[in-house]
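These are my notes from a first pass through a structure that was new to me. I wrote down what I looked up, in the order I looked.

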Amino acid sequence: MNTLKSLIVVLLLSAGTSFSISAQEVKPVVTHVSTANGVVWLLTVMVLILFFAALYVYRKVKQIKRFSDKSDQKTAQLKDYLNSMDARQIEAYLKFKKNKSENHGRQGISVLIWLAVTLGLSFFSNIVHAQGQGAQRSFWAEGGVIITLVLIAIPILAGVFIMIMKIGSLFKVYQNKQILEEAERLAAYLRESETGEIEELLLKRKKALDFTLSHQELSGDRLPEDSKGLLQQVNTNSVLPLVAAKKRAIKRPPIDPALSKLILWFIGTAAFWLIFGTTVGEYLGIKFVAPDADQFSWLSFGRLRPVHTNAVFWGWASLGMLGLGYYVVPRVSNVPLKSIKLGWYTLYLINITVVLGTICLMAGINNSGGEYREYIWPVMLLFGIGLLLTLINFIQTIASRTTKEIYISNWYIVAAVIFAIVIAIVAYVPVWQDGLGETIIQGYYMHQGVGMWFMLFTLGIVYYFLPQQLNKPIYSYSLGILAFWTQILFYTVIGTHHFVFSSIPWWLQTTAIVGSVGMVIPVAAGTTNFILTFKGGWYKLPSSYTLPFFLIGIIFYFTGSLQGTAEAFRSTNLIWHFTDFTVAHSHITMYGIICFFLWAGIYAVVPRLTGKEAPQITIGAHFWLALIGLLFYTIPLMYGSTLKGMMWMQGKPFIDSVVFMAPYWLWRAIGGSLMWLSHLFFVYNLYKMFTGSTTVDIREAAIEKLNQSYTSTESSL
């Protein structure tokens, strides 16, 4: 605790020194915000990182100390282990005692292993601030100095990160050694016990564990008989009813290892594109605050912005959805996937699409505008072929299903793939791309890409995984079908609400607005269905790390979709259109809905495929950083953009609205940074679920040591 207090004092002194230096009184100079403040903040951030690294080490030391104190509670602690043994462990121990009584073997006690862990953590902070009289720029504002400091900071921070990882690994090894020592003491306690007290206690425990119900306590042994004719119209092969029929889930087939590998590759590559795309987005957010961060054409805002959007659209979201789709479709069809090979072809084609598209966009080769369709047609053709192969694969799998009805998840997923192919063809065939036709097709493509590809597909995923995680059926099949057909009816006509007050025919604009209002029906039906599925299962929310992601996705599904409806009206369009309000709205939908649903599905399926789970604390960090970051990103942008639109309506100069938005863009950068940090936690969680190690069980280790001792005794006789 004294060490912790010392670290806090040092941190406060460092921060106080930094602020006092940056607050020195200087003579007015003709310059912008001094870059020296940025240097001070950079050093302060480094000190904070070192401080939290020290806290991490301190926490690990406290955990080891608590475990050591717990290990000192000799006999009482060992007896607690006896009461928590399962039937297999009890049988193994009784077998050991029986063999020991027959052979009178003896075993030497293993040599105890001790690991000494030492840690030295120090940091040096010295800030020199010199400013000449009447100078235009300070020494710390020079570009070379800033670059040098950044280059120095990068290996230092990398070293701190590597040190933390190594220390964590050492502590894990030490903790496992302590557990094995505890297991050795438990084994010695069991081995040296000669009275029958332990055997009697364990036999009683085993009898309790082996007790099972006969499943006939209430019904008895008599066969069911309807001698009074009370049961009428019994139909064991009923068709799909108007109202959802609640029935037991069909036993799921075992997971094919080849399919598991394919799904994990889809999810792994999707995670890569999430990190890549959002790193680019993070850099773009920084450029709002520091526009002159670089002078390279490949890194200009106009080229990087489509790199960011297309990487997260076609790389992260599309690959993540398809990976989960390859799990859901054969599971609800109750048959194996028709072709694993076609799935691999899809994976290759989509990844090649994003790689080639990114290179083309950064080189300035694009489709001449059109949001989300900046990839040139030869590149996007590869994406379309990949979707076509997936569509064939899914339809053939569903056609060979063993269940009579098609579960609603497959309705949504297959419809989404069909719409994505149709949307791509409509957007890239040049027949109707002249004049206003170009604008109308752009609105159609842009909105259908979000609503009929991403939204339909993820809703299909939710209709499978949400009931699975709650261990109860979806509340209403009928509400799901209502939401499905009304979304197809209304969403396909709302694209032109982005071009209100344009030269597009007035009746077409009105049709889009009416369709936007009609979207209240599928959104309300879907949200009601999901929330009422939670009914009776809310108590599972605190003990689950997938359900909170589902719940946040449902909330944003309702609020974000209705926000789109509100934006479509002419009165609100007049204020919000062409402002950052649309940027906030797009992140609420694509991030708050699509990403949270995808994370929920990934956290639900990957442990089933690998048998490993991520640490609870890092999953929690991912959830809260993503949620708080999204709120920091969107709320200031929506507030500032509303005031910005009102300034335009009042006839204020355009440049005034740009200056006005500066603090809100800063909040955008802060929120984006938190979201990007949450993605690092997500990738770490994936790594742990892919390759994580299992925790050593003291009881299992003790039984194994007993068996080893018996084997060595037998071999010595």
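Where is the place of Y372? I found Y372 in the loop between α9 and α10. Helices in these notes are DSSP runs of H or I with at least four residues, and strands are runs of E with at least two, numbered from the N terminus.

Before going on I noted the ground rules. This is a predicted model, where local features need pLDDT of at least 70 and side-chain atom pairs count only at pLDDT 80 or more, while totals for chains, interfaces and linings use all residues. Residues are numbered from 1 along each chain as its sequence is written, and side-chain values use heavy atoms, with hydrogens and water left out.

**Entry: positive phi**

I looked up Y372 for its backbone: its phi is positive, about 75 degrees, although it is not a glycine. Most residues other than glycine have a negative phi. Y372 counts as buried at 11% relative accessibility. The cut-offs are under 20% relative accessible area for buried, over 50% for exposed and in between for partly exposed, with a 1.4 Å probe and protein chains only.

I then turned to N334, which is not a glycine and has a positive phi near 65 degrees. N334 sits in the loop between α8 (301-333) and α9 (340-362). With a relative accessible area of 21%, N334 is partly exposed. I also noted N471, just after α12, with a positive phi of about 60 degrees.

**Entry: the second largest cavity**

I searched for cavities and found five of 30 Å³ or more. A cavity here is a set of points, on a 1 Å grid over the protein atoms alone, where a 1.4 Å probe fits but cannot get out; lining residues have an atom within 4 Å of a point. I looked closer at the second largest cavity, which holds about 60 Å³ of space. Volume is the space filled by probe spheres set on the points, which are joined across faces, edges and corners.

Which residues line the second largest cavity? I listed W314, M380, F383, A420, I423, A424, Y445, G449 and W453. The elements that each give two or more residues to this lining are α10 (377-399), α11 (408-428) and α12 (436-470). I sorted the lining by class and got eight nonpolar residues, one polar and no charged. In this scheme Ala, Val, Leu, Ile, Met, Phe, Trp, Tyr, Cys and Pro are nonpolar, Asp, Glu, Lys and Arg are charged, and the others, Gly among them, are polar.

**Entry: α11 and α12**

I checked α11 next. Its 21 residues reach 31 Å from first C-alpha to last, close to the 30 Å expected at 1.5 Å a residue. The expected span is 1.5 Å times one less than the number of residues. α11 is mostly covered, with 17 of its 21 residues buried.

α12 has 35 residues and reaches 49 Å from its first C-alpha to its last, close to the expected 51 Å. I found a kink of about 40 degrees in α12, centred on Q448; the bend at a residue is the angle between axes fitted to the seven residues ending there and the seven starting there. Of the 35 residues of α12, 28 are buried, so the helix is largely enclosed by the rest of the structure.

I picked out two residues in α12. G437 lies in this helix and is partly exposed at 23% relative accessible area. The C-alpha atoms of G437 and I504 are 9.0 Å apart, with their positions 67 residues apart along the chain. V462 is also in α12, and V462 is buried at 0% relative accessibility. V462 and L598 are 136 residues apart in sequence and 8.9 Å apart in space, C-alpha to C-alpha.

**Entry: aromatic pairs**

How many aromatic pairs does a search of the whole structure find? I got 46. Rings of Phe, Tyr and Trp (its six-membered ring) pair if their centres lie within 6.5 Å; planes under 30 degrees apart count as stacked, over 60 as edge-to-face and the rest as tilted. One pair is W453 with F454, tilted, at 6.2 Å centre to centre and 55 degrees between the planes. W453 is buried at 1%, and F454 is buried at 0%.

I also looked up F549 and Y603, whose ring centres are 5.4 Å apart with planes at 45 degrees, so this pair is tilted. The pair links distant parts of the chain, with F549 in α16 (residues 547-568) and Y603 in α18 (residues 581-610). F549 and Y603 are both buried.

Technical notes: 1 Å grid on protein atoms, 1.4 Å probe; cavity = no way out; pocket = protein on both sides within 12 Å on 5 of 7 lines; lining within 4 Å.
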